Amino acid sequence: MISYKASDLILLAMKLADLENVGFTSSEENRSYINNAWAEIYQQAIDNGELFYLNSTTLHQGENNLPEDFHQVYNIKDHNWNALPKYNKDMRKSDVYYRIMNSKIYINGKDEVEMEYFPAPSTLDIEGTGDVELDFPNNIYKQLLVLRLAEYYKIRQNGDISGIEILIEQAWKQFYDMLNRDSNQYGVIQDVNNVNRVYGIFD
């Protein structure tokens, strides 16, 4: 694992974008840029087999609070490693399933299960002044994030982004090649039916 301060990544991107006046963009803009860029990269990573960020927690029969850092389910299994299916309207009360509603997750038919999930990506508070460290499994993440930030700064200056776009395209290719290689090496199997982004109520 490697870690970088968000402020250092912003400065690297500004340098790459030839943005000499660091005051050209506000601190709110800088935070928004890095939050948006990192959220995009993080989502692509976990949707394509990256397991580096996985967390786990134990859930019990009935209503459970989702973890405060919850973002997306990877899988939910009982003690025999049987995966719980997501609830659907054709299921009966006696069936085994899990169901997410707002900030709650309901387990039906099992006394205790283990949920592996992805936490929300680290972000900078738009209103705050603090820094945050971003953890990456390797440097490809850093390179891609800095390039995406540099693209934002170039656009902000009405500059030519053609050169950076080529570099971004190459970085995305390296990124997906790396994820595919890791998935093949470790035999990652992910049941897409058990992946749920939480935006409101999922029935």
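In this predicted model, N102 sits in the loop between β4 (97-101) and β5 (104-119). Its phi is near 55°. That value is positive, and N102 is a residue other than glycine. N102 counts as partly exposed because its relative accessibility, 45%, falls between the limits of 20% and 50%.

A positive phi is also found at D18. Here too the angle is near 55°, in a residue other than glycine. D18 belongs to the loop between α1 and α2. The relative accessible area of D18 is 54%. D18 is therefore exposed, the limit being over 50%.

The loops connect elements of a mixed chain. The protein chain holds 4 helices and 6 strands. From the N terminus on, their order is β-α-α-β-β-β-β-β-α-α. The chain has 203 residues, of which 38% count as buried. Contacts between residues at least 6 apart in sequence were also examined. Of these, 79% join residues at least 24 apart.

S3 gives a local example of contacts across the sequence. This residue is part of strand β1 (residues 2-5). Neighbours within four places in sequence aside, S3 is in contact with E133, L134 and D135. S3 and P137 are separated by 134 residues in sequence. In space, their C-alpha atoms are 8.8 Å apart. S3 counts as partly exposed, because its relative accessibility is 33%, between 20% and 50%.

Nonpolar side chains were considered next. In soluble globular proteins, such side chains tend to be buried together. The largest nonpolar core of the model comprises 37 residues. Within this core, the residues with the most contacts are I34, W38, Y141, L145, Y153 and F175. At least two core residues come from each of α1 (6-16), α2 (27-47), β6 (133-136), α3 (139-156) and α4 (162-186). The largest share, 9 residues, is supplied by α3. A second core is separate and has 13 residues, including L59, L84, I100 and I107.

Y141 illustrates the contacts made by a residue of the largest core. Residues up to four places away in sequence are not counted here. Y141 touches W38, I41 and A45. It also touches E50, Y53 and F136. F175, M178 and L179 are further partners of Y141. Among these partners, W38 and F175 are themselves listed with the most contacts inside the core.

The packing of α1 against α3 was then examined. Two packed helices are described by the angle between their axes and the distance between the axes. For α1 and α3, the angle is about 55° and the axes are 8 Å apart. The two helices are therefore oblique to each other, since an angle of 35 to 65 degrees falls in neither the parallel nor the perpendicular class. The crossing of α1 past α3 is right-handed. On the α1 side, the contact is made by L9, I10, L12, A13, M14 and L16. On the α3 side, K142, L145, V146, L147, L149, A150 and Y153 take part. Of the residues in this contact, 12 are nonpolar, 1 is charged and none is polar. L145 and Y153 of α3, both in this contact, also belong to the residues with the most contacts inside the largest core.

Conventions
Residues are numbered from 1 along each chain as its sequence is written. This is a predicted model: local features need pLDDT of at least 70, side-chain atom pairs count only at pLDDT 80 or more; totals for chains, interfaces and linings use all residues. Side-chain values use heavy atoms; hydrogens and water are left out. A nonpolar core is a set of buried Ala, Val, Leu, Ile, Met, Phe, Trp, Tyr and Cys residues joined through side-chain atoms within 4.5 Å. Buried means under 20% relative accessible area, exposed over 50%, partly exposed in between (1.4 Å probe, protein chains only). Contact means heavy atoms within 4.5 Å. Axes are lines fitted to C-alpha atoms, for helices over the stretch in contact, and angles run from 0 to 180 degrees between N-to-C directions. Angles under 35 degrees count as roughly parallel, over 145 as roughly antiparallel, 65 to 115 as roughly perpendicular and the rest as oblique. A crossing is left-handed if the near helix is turned anticlockwise from the far one by less than a right angle, and right-handed if clockwise. Ala, Val, Leu, Ile, Met, Phe, Trp, Tyr, Cys and Pro count as nonpolar, Asp, Glu, Lys and Arg as charged, and the others, Gly among them, as polar.
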